[in-house]
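User: I'm new to this structure and would like to understand the words used to describe it. Could you take me through the reasoning?

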Amino acid sequence: MRLRNLLKIAIKSLTRNRMRSLLTSLGVIIGVGAVIVMVAIGQGAQADIEAQITSLGANMVMIFPGSSWSRGVSHGAGSQNRLTLDDADAIRERATLVTAVSTEVRVNAQIIGGDSNWNTSIQGVDPEYQEIRDWYTVSGEFFTERDVRAKAKVAVLGKTVADNLFPGSDPVGERIRIRNTPFKVVGVLEAKGQSAYGSDRDDVVMMPSTTALYRLAGGRYISRIFASAVSIEASEAAEEELTAILREEHNLEPGEEDDFRVRSQAEFLETATETSRVMTLLLGAVAAVSLVVGGIGIMNIMLVSVTERTREIGIRLAVGARGSDVLVQFLTEAIVLALVGGTVGILLAVGVSVFLDRVIGMTAIISPVIVALAFCFSGAVGVFFGYYPARKAARLNPIDALRYE
Amino acid sequence: MSAVIEASGISKIYQMGEVEVHALRGVDLTVEDGEFISIMGASGSGKSTLMNVLGCLDHPTSGEYLLNGRDVSELNPNEFAEVRNTRIGFVFQVFNLLPRTTALDNVELPLLYDRTRRIKDPRAEAVAALERVGLADRITHEPNQLSGGERQRVAIARALVNRPSIILADEPTGNLDSVMSLEIMELFGELNAQGITIIIVTHEHDIAEATGRIIEMKDGAIIRDVVNVGGQIE
């Protein structure tokens, strides 16, 4: 039988039971819609995270202190802190693949200023830090290279800190006290918002690395070194170069393990992307279950339909239809049901995604691949769940089918 | 004259639980091309079973059945379907038209399943078949808009449409009043005059009288087989 006739017959018998066909495809509509919307939300979240990481400087390379081992027991990252300001200077001097280098010294302390006090994280950094992290002041100025050399008692406040200590006024020029040392506020940083992991990036005070190290932290070890690779593509090569420089600086013999770790933002990006990709997959998989349930709905209705139309099948067989003709006919009906459901589901999903994106403000990205995949999958659901009822119809004996009451 | 049907020793045994029902017990039947035959008999005499076997709707348990000289008792289901489609037209007592489907679509149905020839315009052939049974003005009517006689005419058109050599009708007038029955028998007479072999099953003697040969069955066997010329049994 020709395809045109098959489709005509299928559509005719489906429209004969409009309500039933509608409810049956509703299962597929919801299934396909859920898959597409869930994946769109997942991919939206993925894009958000990527954008956030990129906003921290996509070509950033970080150096952490390594972990120490004794008798096979790891003491954890940072347990063997051997990064010093000298290491940073060595990189500045010799590295060719990085454009900017900054140290970071982290200290937690209470800040007293205005009429209030605030407990926050202090980051002792170098002026290049602005460039590396793409993070500049909105008010006042960042401190300078001279301030670093002079261990100047100047501070730049994050938005959260500024808002808490000096609500409603510009803190530039104000004085604050940290561990009984007076500091002058020289600038306020632009707001960066939440990090990808939920912490408030604006809850920070920055000051020259030397000031933080010698006046607040004490000792000679710093927390991290940041550098900017010349490009994202050069990140990996820059990592290798920095590793080589630091190994030499730390007098490590070949074969000895690194006592530091080098990570590029590109790697973080990869990890975060991988994480959200898994999440997207999970969301999609959960939604796919509803598509399978929709398929079972089709199978159920097709079984009912085969029983109801036993006489019709008998007539068709009596006038010369083969079992395969009947099989294809019922299969076509199931596939049409599923594909109509799939198409409506896609339209619905596009509508919901646009609504989420424009009205709710969630990022939802519909990928054509998923739409195509969902459409094909709904067709496959039709074939898979339509096959059993169709085969049941095809195996009927014409005489029995004709006598069926 | 050549034989359209040569059946010998046809038997059909149904297994009803523990009991074996012998619906046909070694029927021998030869039908020449162009004959008009009626098969009579009481309910359960096996005439419908014989029709189903002759119509390739059912396999005999044993026996040899040659249709147009070809042995069809051993065919597989697809070959069987092809025989039903192209060589036999079957007419039922209860019409067996597709409900909510126009007369034209009903008549076109066998053509859609024909794999033996490429049919250029199945609709035109279906219209021609409907014209042949006198329903040219009813082609877009659905079965529930047609009288019983008209429905049976649609069913006959469907049986005719793929040019079979033989039409089998199982009590075609069983659900019709006497006027309609007469019309249907006249139609069969016309078709027979055009050269189509026709076998009908009937209960009614006056229906059987309109045919050229009357076969009577009882308990799954033929007990009488006579030639009927103008109501005079020879």
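**Reasoning from values to words**

Analyst: Happy to! Let's start with B:Arg163, which is exposed, with 12 other C-beta atoms within 10 Å. Please keep in mind that this is a predicted model.

User: What makes B:Arg163 count as exposed?

Analyst: The cut-off for exposed is 12 or fewer other C-beta atoms within 10 Å. B:Arg163 has 12, so it is exposed. You'll find this residue in the loop between helix H5 (148–160) and strand S7 (166–170) of chain B. B:Arg163 also has a positive phi of about 50°, although it is not a glycine.

User: Why is a positive phi worth pointing out there?

Analyst: Most residues other than glycine have a negative phi. B:Glu171 is not a glycine either, and its phi is positive, about 50°.

User: How do you know whether B:Glu171 is buried or exposed?

Analyst: Buried requires 20 or more other C-beta atoms within 10 Å. B:Glu171 has 21 such neighbours, so it counts as buried. Its place is in the loop between S7 and helix H6 (178–193) of chain B.

User: Turning to chain A, why is helix H10 described as largely enclosed?

Analyst: Helix H10 of chain A covers residues 310–318, and 7 of its 9 residues are buried, so the rest of the structure largely encloses it. Among the buried ones are A:Ile313, A:Ile315 and A:Leu317. The buried residues pack against H11, H12 and helix H13 (398–403) of chain A, together with helix H2 (77–86) and strand S6 (88–91) of chain B. Just after H10(A), A:Gly320 takes a positive phi of about 115°.

User: What makes H11 and H12 of chain A roughly antiparallel?

Analyst: Helix H11 (residues 323–360) and helix H12 (residues 368–394) of chain A pack at an angle of about 150°, with their axes 7 Å apart. Angles over 145 degrees count as roughly antiparallel, and therefore H11(A) and H12(A) get that description. Their crossing is right-handed. By class, the contact between H11(A) and H12(A) has 21 nonpolar, 8 polar and 1 charged residues.

User: How many residues of chain A are in contact with chain B, and which element gives the most?

Analyst: There are 16 residues of chain A in contact with 20 residues of chain B. H10(A) gives the most to the chain A side, with 4 residues. By class, that side has 9 nonpolar, 3 polar and 4 charged residues.

Conventions. Residues are numbered from 1 along each chain as its sequence is written. Chains are lettered from A and ligands numbered from 1 in the order in which they are written. This is a predicted model: local features need pLDDT of at least 70, side-chain atom pairs count only at pLDDT 80 or more; totals for chains, interfaces and linings use all residues. Axes are lines fitted to C-alpha atoms, for helices over the stretch in contact, and angles run from 0 to 180 degrees between N-to-C directions. Helices (H or I, at least four residues) and strands (E, at least two) are DSSP runs, numbered from the N terminus. Angles under 35 degrees count as roughly parallel, over 145 as roughly antiparallel, 65 to 115 as roughly perpendicular and the rest as oblique. A crossing is left-handed if the near helix is turned anticlockwise from the far one by less than a right angle, and right-handed if clockwise. Ala, Val, Leu, Ile, Met, Phe, Trp, Tyr, Cys and Pro count as nonpolar, Asp, Glu, Lys and Arg as charged, and the others, Gly among them, as polar. Two residues are in contact if their C-beta atoms, placed from the backbone, lie within 7 Å.
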